[in-house]
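Got your viewer open? Load the model, switch to a cartoon view and get ready to click around.

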Amino acid sequence: MIELQNITHVFYPGTPDERIALKNLSLKVNKGDFITIIGSNGAGKTTLFNLIAGTYRPSQGRILINDIDVTNTPEYKRAKYIGRIFQNPLLGTASNMSLEDNMMICYRKGFKWPVVSLNHAMREKFRKELEKLQMGLEHRMKDNLALFSGGQRQALTLLMMVLSRPELILLDEHTAALDPKNASKILALTKEFIEEYQLTAMMITHNMTQAIEYGNRLLMMDEGEIILDISGEEKKNLTVEDLVEQFHRLRQKSYEDDRALLSEKKP
Ligand SMILES: Nc1ncnc2c1ncn2[C@@H]1O[C@H](COP(=O)(O)OP(=O)(O)OP(=O)(O)O)[C@@H](O)[C@H]1O
């Protein structure tokens, strides 16, 4: 469904600040894959998402979506197929608009005609969708989103993204800024929506336990390369210790990700 062919990305090439963020990276994402991505600090995870979403064009290599070369397709055009959620829960929704207006904008995404208006039938439809979040938000459709909590905003971002039926969703540490209770609620919803709508998903996380528990495939990145690509039974049997040990064996150094290692420490 999405294919990266020999992608290299260099920031500030030919200057003293030159930084090779991705090195000749190739990856095939199959329809229905739910891929978790872990990696040491500066491994290139977010750059990978930026290239898939079209925020940057790669220095070298090609990106295909459903066999169509989109390497030079701008981000706004790719947004039709790709949904993305960031760590900041305020980024995915408009604060100064009501919940129902936010949902309407998202519902219209990609459709220029016919123009659907916010009528009784639409409100009922939105109400039913909001009930799935089990947060009581179906009773607050006229409230401005500035009044909602971070967890509620991230749940809404997730729901609205799903309603726009993207082919691929990119989750960039989308639970990292939430408290543990909200983070696990959002993760459970993520899993539920991915299954219900049969979405293809890629999720960056600094939590190795989460990376093992969720999805059918796990990628580990380091210094701009994918160094592990584990799926199926092998993934089901993985432990955090295995991952740290495999990293050490492959790279002859210890895993440098403060947040990951701290989050795995037993109390
Ligand atoms: N806009 C940019 N300009 C210059 N260098 C950048 C830019 N974005 C990323 N880099 C560099 O590219 C490398 C990869 O960064 P990236 O943010 O993709 O890593 P990451 O795996 O997401 O890291 P982290 O887990 O710490 O967020 C790093 O060395 C980083 O400093």
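Here is a short walk through this predicted model, stop by stop.

**Stop 1: the ligand.** Select the ligand, then show the residues around it: Phe11, Arg19, Ala21, Gly39, Asn41, Gly42, Ala43, Gly44, Lys45, Thr46 and Thr47. Try colouring this shell by class: you'll get three nonpolar, six polar and two charged residues. Which element gives the largest share of the shell? That's α1, with three residues. Highlight α1 (45-53) together with β2 (19-29), since each of them supplies at least two residues of the shell.

**Stop 2: the core.** Now hop over to the largest nonpolar core, which has 58 residues. Pick out Ile37, Leu171 and Ala201: these touch the most other members. Next, colour helix α5 (residues 150-163), as the largest share of this core, seven residues, comes from there.

Stay with Ala201 for a moment. Leaving aside residues up to four places away in sequence, Ala201 touches Phe34, Ile35, Ile169, Leu171 and Ile194.

**Stop 3: helix α6.** Ile194 is also one of the buried residues of α6, so select the rest of that group too: Lys185, Ile186, Leu187 and Thr190. What do these buried residues pack against? Show β3 (34-39), α5, β7 (168-172), β8 (200-204) and α7 (208-213), and you have the partners.

Zoom out to see α6 (residues 180-196) end to end. This helix has 17 residues and reaches 24 Å from its first C-alpha to its last, close to the 24 Å expected at 1.5 Å a residue. For a last click, go just past the end of α6 to Gln198, which takes a positive phi of about 45°.

Technical notes. Residues are numbered from 1 along each chain as its sequence is written. This is a predicted model: local features need pLDDT of at least 70, side-chain atom pairs count only at pLDDT 80 or more; totals for chains, interfaces and linings use all residues. A nonpolar core is a set of buried Ala, Val, Leu, Ile, Met, Phe, Trp, Tyr and Cys residues joined through C-beta atoms within 7 Å. A residue is buried if 20 or more other C-beta atoms lie within 10 Å of its own, exposed if 12 or fewer, and partly exposed in between; C-beta atoms are placed from the backbone. Helices (H or I, at least four residues) and strands (E, at least two) are DSSP runs, numbered from the N terminus. Two residues are in contact if their C-beta atoms, placed from the backbone, lie within 7 Å. A residue is near a molecule or strand if its C-beta atom, placed from the backbone, lies within 6 Å of it. Ala, Val, Leu, Ile, Met, Phe, Trp, Tyr, Cys and Pro count as nonpolar, Asp, Glu, Lys and Arg as charged, and the others, Gly among them, as polar. The expected span of a helix is 1.5 Å times one less than its number of residues.
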